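Open the model in your viewer and keep the selection tool at hand. We will go stop by stop.

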Amino acid sequence: MKAAFTTALLLIMLLDINIADARKRKKRTDLELNSDADVLEYLERQEQDMLIFKCKRLVMVKWLHSVLPYIDLQCQVMGDVIEVQWFYNDTLLDTGNMASRHMSLSQPHYRKGTFYDKWFDYKLRLLQVTEKDNGWYTIKAKSPQGLVEQGIVLLEVKTNYSDDKWIEWMEKVYKDSSDIKKRKPKSEKKDAARLTKKREKDLMKMIKKRAQEMKKSTGDGPLIFVGN
């Protein structure tokens, strides 16, 4: 009986140590990416030579006029990259043509006074943006070893915006929603803000669903777990 109790106590102690170590590792990953050496250590722990660290996965813009001059879609990539491609609704974008409305930009990531050599910010800049540009954008990055990582961004632009037009449009989108129909009368500004939050929540659900579908079809879905 005493031996069984001792064994159980040792197992509990080992479990506590493992949990504590895991918390330390998580804390280090989250808080101490202060140099390229830390980035390389993080990649080693992930057992990858390159990865898409995070993307601003949802971009919602309401614009007063019919055309938005430009907008940037952003993703951060760690490790060595030899090629980056951007796709719109699964169609490869021509970002190398000077006459194109799509530009692929990159720069070293800057954090706490440090520019990194192993951590880059990649942007897809869209020029003369209208509602026709709404949809799914995918970044695919390739490492020297042939590893391909992907991240997704959902763009929703609403042009010729005003609070009353936004409410009218949202009522059409959610025409079967009791939440909209039973809405208590408020100022247009408050109504528009509340409906915007609802829209953001629903779009984030769409993003997670698409990521799951991509993972099923390719076996390796995009990293979307990092916040905006």
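The tour starts with a sheet, moves to two helices and ends with salt bridges. Bear in mind that this is a predicted model.

**Stop 1: the sheet**

Select β1, β3, β7 and β6. These four strands form an open sheet in just that order, with antiparallel pairing. Now look at the edges. β1 (50–55) and β6 (102–111) stand there, each with a single partner strand, so one side of each has no neighbour in the sheet. On average, neighbouring strands are turned by 35° against each other, direction ignored.

Zoom in on β6 and β7. Nine bridges join them in the antiparallel sense. Pick L105 to see one position: its bridge partner in β7 is K123.

**Stop 2: a helix across the sheet**

Add residues 36–45, which make up helix α2. Helix α2 lies across β1, β3 and β7. Its direction is at about 80° to β7.

**Stop 3: helix α3**

Select residues 163–173. Which residues of helix α3 are buried? They are W166, I167 and M170. Turn the view to look down the axis of α3. The buried residues fall within an arc of 100°, so they line one face of the helix.

**Stop 4: salt bridges**

The whole structure holds nine salt bridges. Three of them follow, one pair at a time.

*D80 and K118.* Show both side chains. They meet in a salt bridge, 2.7 Å from N to O. D80 sits in the loop between β3 (68–79) and β4 (83–88), while K118 belongs to strand β7 (residues 114–129), so the pair ties together parts 38 residues apart in sequence. D80 is partly exposed at 37% relative accessibility. K118 is partly exposed too, at 22%.

*R210 and D90.* Here the closest N and O atoms of the salt bridge are 3.4 Å apart. R210 is in helix α5 (residues 188–218), and D90 is in the loop between β4 and β5 (91–92). The two are 120 residues apart, so distant parts of the chain are linked. Is each partner buried or exposed? R210 is buried, with a relative accessible area of 18%, whereas D90 is exposed at 59%.

*E131 and K158.* In this salt bridge the closest N and O atoms lie 3.8 Å apart. Find E131 in the loop between β7 and β8 (135–142), and K158 in strand β9 (residues 148–158). This pair links parts of the chain 27 residues apart. E131 is partly exposed, at 32%. K158 is buried, at 17%.

Methods
Residues are numbered from 1 along each chain as its sequence is written. This is a predicted model: local features need pLDDT of at least 70, side-chain atom pairs count only at pLDDT 80 or more; totals for chains, interfaces and linings use all residues. Side-chain values use heavy atoms; hydrogens and water are left out. Buried means under 20% relative accessible area, exposed over 50%, partly exposed in between (1.4 Å probe, protein chains only). The arc is that of the directions from the helix axis to the C-beta atoms. A salt bridge is a side-chain nitrogen of Lys or Arg within 4 Å of a carboxyl oxygen of Asp or Glu. Two strands pair if DSSP finds at least two bridges between them. Axes are lines fitted to C-alpha atoms, for helices over the stretch in contact, and angles run from 0 to 180 degrees between N-to-C directions. Contact means heavy atoms within 4.5 Å.
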